[in-house]
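Hello,

Here is the structure I promised to pass on to you. Have a look at it first, and then read on for my notes.

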Amino acid sequence: MEGHRAMRRKVLALGPAVAAAPWLGAAPARADTAGGADVVGGEFDELGITELRGLMAEGRLDAERLTRYYLERIERIDPLLHAVIEVNPDALREARRLDAGGRPRGPLHGMPVLLKDLVETADRMHTTAGSLALEGLRPARDATVAARLRAAGAVVLGKTNLSEWAGGLSLTHHAGWSARGGQTRNPYKLDRSPNESSSGTGAAVAANLCVGGIGTETNGSIIDPSSANCVVGVKPTVGLVGRGGVIPGVPSQDSVGPMVRTVRDAAIMLGTLVGIDGRDPATTASRGHFHRDYTRFLDADGLRGARIGVPRTVYFGYSDHADDMAERAIGVMRAAGAVIVDPADIPTAERLEDLPGSTVVQAYEFKRALNTYLAAAGGEHPRDLAELIAFNRAHADRELRWVRQDGLEAVQRLDFSQREYEEALAVNRRLSRAEGIDAVLRRHRLDALVMPTTGPPAKIDLIRGDTYGGGASTPAALAGYPAVSVPAGFAFGLPVGVTFMGTAWSEPVLLRLAYAYERASRVRRVPTYREADVGF
């Protein structure tokens, strides 16, 4: 259950990271800033979908060559990162089939993408949520997002590592660790956390191991790793992107979205993912709200005249470095013509961070959604949460070596009635929507809110858990509203992002603002793969 933030804060006692890290896997070849250039450099690095498609149109590139390039790059660089949990053994065959087709299939024709290991694919890859319990699970049908990516011409390159069970295994924060994939590392500093459960996708995209990737979010698991890995992440309105065939977390909050290096690529990918999904009833609400081409909303002058609010209560003050990056970003927006309303606090901000109802909703939905998924999935594996907990105990030497499964056990133990759940969900939505985000937008006539996404990534510490210092995700998570994180700067070489947040179905506005800010700030730079730590 991604981002049990309130629950985690109640139980964590976090300290500084340990120096030794045998759990990261075999020690990689050292790559300092100077030597890292050899690791980083590549023919197609940092090129976006538009540029790569242009090379294909000119006959200078084809899908097979591009796919081979990324596969070789994964083989060479991923031992540093442990971001890719599995490569698709049929990726080159898929690419050759596209090349033989004669004409472009869609806006992602020939573009290799990586999927978080919650997304089912009907191929020879596994879908496991990072758990040994689901090894061998090969679904007979693509998830809706995987099918739509393939229909748009994408090559499914592989699956990315994640926080096991999307962070639901343990109450302690072990971002990017799973029993199946090991520990994902941050490409900007290898001893730093890749942050939250879509960490493998964030690290892989940052390191140019693919053109783009797919993440999922319940609370922070797209936007936080996007911030930590200096990429763009879009957490869509719940219901905009179908979740059929995606291992569930908390369905009232779960979103699936793109993680890429530029806002333009985010807009292109989002347009291929949206639409009604017969396996996801929530998508019926998106009728009349989704767009097949979000690039038409991008405007380099899109900040001019925009009214942007700064919610300082709760979302500033937990990190001096995050505050500094956000202040600089706000200055860029103001200089680009935005009207900055400061402060523009979310009236319910403090209540949202410690809502008892959040625990009720997460525990109630997660248990039922996971039990339903496990009961229906083919193959030999645990059939419900109780069997999963028993499996982990039986394989504790691998599954529980570094973490406890107190997250799963807490969900299994907690037993709320349907009435308690429905009342809690109604309160969560009222406080986050009508009395929260919508209230501040309406009061100040705002187009969006902007705040730091989260602080600089902490050191990895599997013994005591990574330090978590706050973030922007909770209001949009509880509301089911969209958020876009964009790189904002670096603190001692560590990336920090800012988040644009708005009301339901406001993706066109958020992408316009994020694109204009990205063009004005030009923050992103390639990773350094540094092992030595400097600064704080």
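Let me begin with a single residue: Glu46 counts as partly exposed, because its relative accessibility is 30% and a residue must be under 20% to be called buried and over 50% to be called exposed. Glu46 sits in the loop that runs between α2 (36–40) and α3 (49–57). Although Glu46 is not a glycine, its phi is positive, at about 70°. Please keep in mind throughout that this is a predicted model.

Trp165 makes a nice partner for that residue. Trp165 is not a glycine, yet its phi is positive too, at about 55°. Its place is the loop between β3 and β4 (177–178). With a relative accessibility of 3%, Trp165 counts as buried.

While you are looking at loops, try the one between β10 (339–341) and α11 (349–352), where you will find Pro343. The peptide bond leading from Asp342 to Pro343 is cis, and its omega is near 0°.

Now for the chain as a whole. There are 18 helices and 13 strands in it. The radius of gyration is 21 Å, and the globule rule gives 24 Å for 536 residues; the two are close, so the chain is as compact as a globular protein of that length. The C-alpha trace spans about 60 × 55 × 50 Å along the principal axes of the chain. Of the 536 residues, 65% are buried. If you take the contacts between residues at least 6 apart in sequence, 78% of them join residues at least 24 apart.

Two residues in strands show what such contacts look like. Thr160 is found in strand β3 and is buried, with a relative accessible area of 0%. Thr160 and Val84 are 76 residues apart along the chain, but 4.3 Å separates their C-alpha atoms. Leaving out residues up to four places away in sequence, Thr160 touches Ala83, Val84 and Ile85, then Leu114, Leu115, Lys116 and Asp117, and also Gly200, Thr201 and Ala204.

The other one is Val256, in strand β8. Val256 is buried as well, and its relative accessible area is 3%. Its C-alpha atom lies 8.7 Å from that of Val246, which is 10 residues away along the chain. Apart from neighbours within four places in sequence, the residues in contact with Val256 include Val145, Ile214, Gly215, Thr216 and Val246.

Helix α7 (residues 199–206) deserves a look of its own. How many of its eight residues are buried? The answer is eight, so to speak the full set: eight of eight. They are Ser199, Gly200, Thr201, Gly202, Ala203, Ala204, Val205 and Ala206. These buried residues pack against two helices and several strands, among them α4 (63–81), α8 (223–228), β3 (155–160) and β8 (255–260). After α7 comes Asn208, with a positive phi near 60°.

Finally, here are two helix pairs. Two packed helices are described by the angle between their axes and by the distance between those axes. Helix α6 (residues 144–151) packs with helix α9 (residues 263–273) at an angle of about 115°, and their axes are 8 Å apart. That makes α6 roughly perpendicular to α9. Their crossing is right-handed. On the α6 side the residues that meet the partner are Val145, Arg148 and Leu149, and on the α9 side they are Met269, Thr272 and Leu273. Sorted by class, this contact of α6 with α9 has four nonpolar residues, one polar and one charged.

In the other pair, helix α13 (residues 385–394) and helix α15 (residues 406–413) have axes that come within 10 Å and cross at roughly 150°. The two helices, α13 and α15, are therefore roughly antiparallel to each other. The crossing of α13 past α15 is left-handed. Here Leu385, Ala386, Leu388, Ile389, Asn392 and Arg393 in α13 meet Leu408, Glu409, Val411 and Gln412 in α15. By class, the contact of α13 with α15 has six nonpolar, two polar and two charged residues.

Enjoy exploring it!

Best wishes

Key: Residues are numbered from 1 along each chain as its sequence is written. This is a predicted model: local features need pLDDT of at least 70, side-chain atom pairs count only at pLDDT 80 or more; totals for chains, interfaces and linings use all residues. Side-chain values use heavy atoms; hydrogens and water are left out. Axes are lines fitted to C-alpha atoms, for helices over the stretch in contact, and angles run from 0 to 180 degrees between N-to-C directions. Helices (H or I, at least four residues) and strands (E, at least two) are DSSP runs, numbered from the N terminus. Angles under 35 degrees count as roughly parallel, over 145 as roughly antiparallel, 65 to 115 as roughly perpendicular and the rest as oblique. A crossing is left-handed if the near helix is turned anticlockwise from the far one by less than a right angle, and right-handed if clockwise. Contact means heavy atoms within 4.5 Å. Ala, Val, Leu, Ile, Met, Phe, Trp, Tyr, Cys and Pro count as nonpolar, Asp, Glu, Lys and Arg as charged, and the others, Gly among them, as polar. The radius of gyration is taken over C-alpha atoms; the globule rule is 2.2 Å times the number of residues to the power 0.38. Buried means under 20% relative accessible area, exposed over 50%, partly exposed in between (1.4 Å probe, protein chains only).
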